[in-house]
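Colleague: Could we go through the fold and the nonpolar interior of this model together?

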Amino acid sequence: PPSSEWQVLYQSYITRVAALLVVAVLAAACNVSVLYFVLLGKSRDAQNCPRLPLIVALCVVDLLIVIVIIPHDAIWHLTVTWSGGVVLCKLLQFLKMQLTLLASFVIASLSIDRSANILFPLSCGDRSLFGVNRLLTYCIFLSVALSAPQLYVFRVASCPTGSECDAEQCTTMTTLSKQHADAYNIFYAWWHFFLPIIVVTLCYGSIVI
């Protein structure tokens, strides 16, 4: 029979899966509502909004996260071990990184577009350096380029010899040392969170000042 520690651990996994499902339902409902309003709604202002490509891209990315990433994390929590093979391991980790980076970059791009239109109204447009379509292209290219290392560092590996675990995992433990893994995570935390926060703060701060 499973030990009490495994029972507690599995119960925590069940709680996390339930929380993921709640988040998935809420995120899907909100993003579908926004897409319906801006694409199929009767509001001409929404359909003629110059930031429409960025808004649609953000909603689509969020929906892809709900469809691809959240079920992947939920199933992984329930099964504990990884059973998808090497190709699926690398592909899902790449998509997980690329989609979350793209969402962060699009949010930052919305701030750049808003501040540029207010501070430099005569030099903004689709052909400008900070045009909406160009910003979206930058976001897609940068998110794909930064996610490419995931295809190398993630591999399917068994637990170390002598441990109580006998499961396989989709992990970086065979390619990165602890120090390198910490540096790797800090590097991506910068791109995921800190840089977008700095960009948003500077953009809206420049508008206020």
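The exchange below concerns a predicted model, beginning with its secondary structure and moving to its cores.

Colleague: In what order do the elements of the protein chain run from the N terminus on?

Modeller: The chain holds seven helices and two strands. The strands are adjacent in the order and are followed by a helix, the complete series being α-α-α-α-α-α-β-β-α.

Colleague: What percentage of the contacts with a separation of 6 or more joins residues 24 or more positions apart?

Modeller: The protein chain has 209 residues, and buried residues make up 35% of them. Among contacts with a separation of 6 or more, the share from residues 24 or more positions apart is 67%.

Colleague: Which element gives the most to the largest nonpolar core?

Modeller: This core has 30 residues. Two or more of its residues come from each of α3 (52-79), α4 (85-119), α5 (132-147) and α7 (178-208). With 10 residues, the leading contributor is α4.

Colleague: Which residues touch the most other members of that core?

Modeller: Leu101 has contacts beyond four places in sequence with Ser143, Leu146, Ser147, Tyr188, Trp191 and His192. Counting other members of the core touched, the top residues are Leu101 and Val106.

Colleague: How many residues form the second, separate core?

Modeller: Nonpolar side chains tend to be buried together in soluble globular proteins. Here a second core lies separate from the largest one, and among its members are Val38, Leu52, Val56 and Leu63. The number of residues in this second core is six.

Colleague: What share of the accessible surface belongs to carbon and sulfur atoms?

Modeller: The accessible surface of the protein chain totals about 12,900 Å². Of that area, the part belonging to carbon and sulfur atoms is 71%.

Conventions:
Residues are numbered from 1 along each chain as its sequence is written. This is a predicted model: local features need pLDDT of at least 70, side-chain atom pairs count only at pLDDT 80 or more; totals for chains, interfaces and linings use all residues. Side-chain values use heavy atoms; hydrogens and water are left out. A nonpolar core is a set of buried Ala, Val, Leu, Ile, Met, Phe, Trp, Tyr and Cys residues joined through side-chain atoms within 4.5 Å. Buried means under 20% relative accessible area, exposed over 50%, partly exposed in between (1.4 Å probe, protein chains only). Helices (H or I, at least four residues) and strands (E, at least two) are DSSP runs, numbered from the N terminus. Contact means heavy atoms within 4.5 Å. Accessible areas come from the Shrake-Rupley method with a 1.4 Å probe; for residues, only the protein chains shown count as cover.
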